[in-house]
Amino acid sequence: MHLLFCENYRREVLSVLGGRSGFEGVTASFFPGRCGIPPLTREDIARSLPDDAVAVEIVGDSCLREVADGSPGSSCRIYCVTPCLALFFEREFLERCMARGAYLITPGWLAKWRERTAVWGFDREALRAFFKEAIRMLVLLDTGVESDSAATLQEFAAHVDLPATTIPVGLNFFSRSLRIIVLSRRLELEKYRAEQATARLRQKSSDYAMALDLLGKFSTVHEEPKTIRLILQNFDLLFAPQILFYLCYEEGVPVRVYSLQGGPRRPDKGLIRQVVDFDGTFFWDENGSGLFRVSHDEETFGVIVVGRIRFPEYGELYCDLALSVLVPICELSIASARNYQRVRATERALNRVNRELKRLAATDTLTMIANRRRFNEYLKKEWRRAFREKWAVSLIMIDVDHFKDFNDTYGHQEGDACLRTVADIITGCISRAADLVARYGGEEFALILPNTKAQGAVVLAEKIRTAMERARIEHSSSAVAPYLTLSLGVASLVPDGTMNGSDLVAGADRALYRAKRLGRNRVVADKPARPPRNPDCHLTT
């Protein structure tokens with residue numbers, strides 16, 4: 001398999017392909033990184049591909065608009081990602097940054113910023129005016145592949161007279177994106193090959209079945225044991241032998257013996273000795289005994305052992321019929337059965353991968369809890385269910401107090417570890433499968449509680465707050481406490497047809513804002529609720 005990427009991502013692609021498992025046999029080349037100015041042509045793509053490239057995935061965004069209508073070769077496929085930076089970080093986060101006036105760049109683009117901007121035809125003053133028209137800040141998504149990115153960013157920022165910041169994204173998200181692309185294409189190719197092979201074999205099998213109506217049943221059987229039994233039944237009908245076995249091979253080794261009298265068994269040494277020196281396709285002796293090899297594409301599926309037939313004087317005639325019609329149909333039927341099983345196995349693998357891809361698409365890659373996309377989907381679903389059942393649905397919005405100061409004091413790696421710990425603490429406080437913990441964005445979390453009234457939600461929110469306090473995670477720069485604390489806003493509504501889920505979110509946001517304004521490290525409800533007597537009432541109230 002071959003990946004064709006923008007040259008701006010050269011070092012990221014080579015780092016992932018060269019240093020992580022799961023990319024064996026995957027090669028890469030790179031097309032000019034012009035970001036659509038001027039647009040790439042099909043000739044540019046063709047020049048960027050090696051002559052021997054097969055199963056090509058061309059990955060890009062708007063720069064591919066001139067070639068998206070078709071592919072440069074029959075083995076190529078365009079894989080559009082909009083924006084292409086979504087390969088490195090969650091799309092919703094990037095869209096929020098751009099909506100706030102951020103100009104997002106990567107180390108590969110930044111390293112050649114003078115060449116990139118020179119193509120636009122601006123002098124320095126025109127370039128500054130161009131950027132300041134819509135851009136408020138430069139944001140570098142730092143993958144860690146360029147050691148001098150920080151200095152280059154400051155140089156570029158000074159050139160266009162804009163502030164700049166860096167978000168360390170690493171290569172984990174990008175590695176996952178590449179793994180999805182590679183795994184999906186590999187499974188599609190494997191399924192296509194298996195289906196094509198099965199289609200060819202079934203076509204040939206159908207042709208033989210039409211010539212001999214007696215063997216029409218073969219075309220309806222897909223399991224190998226049932227196919228073998230049909231083979232034995234037809235050989236028994238043709239030869240009427242006293243001895244009849246089918247010795248089944250797997251990877252060139254005899255593993256099982258089938259007969260009409262019982263189920264499969266291990267082959268004994270005497271039977272193996274009888275066929276071990278048999279290297280042809282057919283053997284017959286004057287006593288009415290013989291061997292027939294069942295094979296396809298140089299792979300031996302089995303050997304049919306026939307002995308002491310009832311009318312040995314007709315043995316030659318029977319053998320001609322078996323070799324011209326029966327054995328070829330047997331070979332095709334076994335090949336079809338095995339290919340059918342491979343296709344089924346591939347489909348099962350594809351289903352597992354699709355389920356995993358769906359799970360990954362709904363999971364926050366840092367905390368491994370639900371992401372914002374999953375939160376929105378689940379809230380809509382539970383809001384509709386609450387409307388039908390006429391019960392309350394509650395929402396707890398949770399914010400880590402002074403988390404920016406925590407990051408500035410302890411560093412982004414400790415900040416990431418802190419967010420994972422907070423997610424674990426929140427998850428540990430819930431006991432119902434229907435409750436959903438999600439990372440809402442940055443240091444903000446959300447907890448959806450179906451069939452839960454305000455009092456129960458307040459109790460659970462306080463349980464989470466005190467659990468966070470007990471964890472005693474050091475936060476020396478916090479203005480609230482010397483350890484990490486949480487502010488929580490609670491809202492609860494019973495849908496009546498005049499509201500939607502955004503009203504619930506707005507209520508929880510209001511309560512969270514009040515909790516921060518009142519000093520943080522506290523629980524505030526949008527509509528004050530008296531704590532219930534039963535501390536577990538958040539489960540169902």
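Me: Before we look at helices on a sheet, what does contact mean here?
Reply: Contact means heavy atoms within 4.5 Å. Keep in mind that this is a predicted model.

Me: Fine. How do strands in a sheet pair, and in what order do the five strands come here?
Reply: In general, strands of a sheet pair through backbone hydrogen bonds, parallel or antiparallel. Here the sheet is open, with the order β14-β15-β13-β16-β17 and mixed pairing. β14 (436-441) and β17 (523-525) each have a single partner strand, so they stand at the edges with one side lacking a neighbour in the sheet. On average, neighbouring strands are turned by 20 degrees against each other, direction ignored.

Me: How many bridges join β13 to β16?
Reply: Eight, and the two strands run antiparallel. β13 covers residues 393-400 and β16 covers residues 486-493. To find your place, look for S394, which stands opposite S492 in β16.

Me: Which strands does helix α14 lie across?
Reply: Helix α14 (residues 412-428) lies across β13, β14, β15 (444-450) and β16, and runs at about 15 degrees to β15. Then try helix α16 (residues 501-517): that one lies across β13, β14, β15, β16 and β17, running at about 145 degrees to β16.

Me: Away from the sheet, which residues make the nonpolar surface patch?
Reply: F311, Y314 and L317 make a patch of about 320 Å². You'll find F311 in the loop between β12 (299-309) and α11 (315-361).

Me: Why does F311 count as partly exposed?
Reply: The category lies between buried, under 20% relative accessible area, and exposed, over 50%. F311 has 40% relative accessibility, so it counts as partly exposed.

Key. Residues are numbered from 1 along each chain as its sequence is written. This is a predicted model: local features need pLDDT of at least 70, side-chain atom pairs count only at pLDDT 80 or more; totals for chains, interfaces and linings use all residues. Side-chain values use heavy atoms; hydrogens and water are left out. Two strands pair if DSSP finds at least two bridges between them. Helices (H or I, at least four residues) and strands (E, at least two) are DSSP runs, numbered from the N terminus. Axes are lines fitted to C-alpha atoms, for helices over the stretch in contact, and angles run from 0 to 180 degrees between N-to-C directions. Patches are made of residues with over 30% relative accessible area and no salt bridge: like charges are joined within 9 Å, nonpolar side chains (Val, Leu, Ile, Met, Phe, Trp, Tyr) within 5 Å. Accessible areas come from the Shrake-Rupley method with a 1.4 Å probe; for residues, only the protein chains shown count as cover. A salt bridge is a side-chain nitrogen of Lys or Arg within 4 Å of a carboxyl oxygen of Asp or Glu. Buried means under 20% relative accessible area, exposed over 50%, partly exposed in between (1.4 Å probe, protein chains only).
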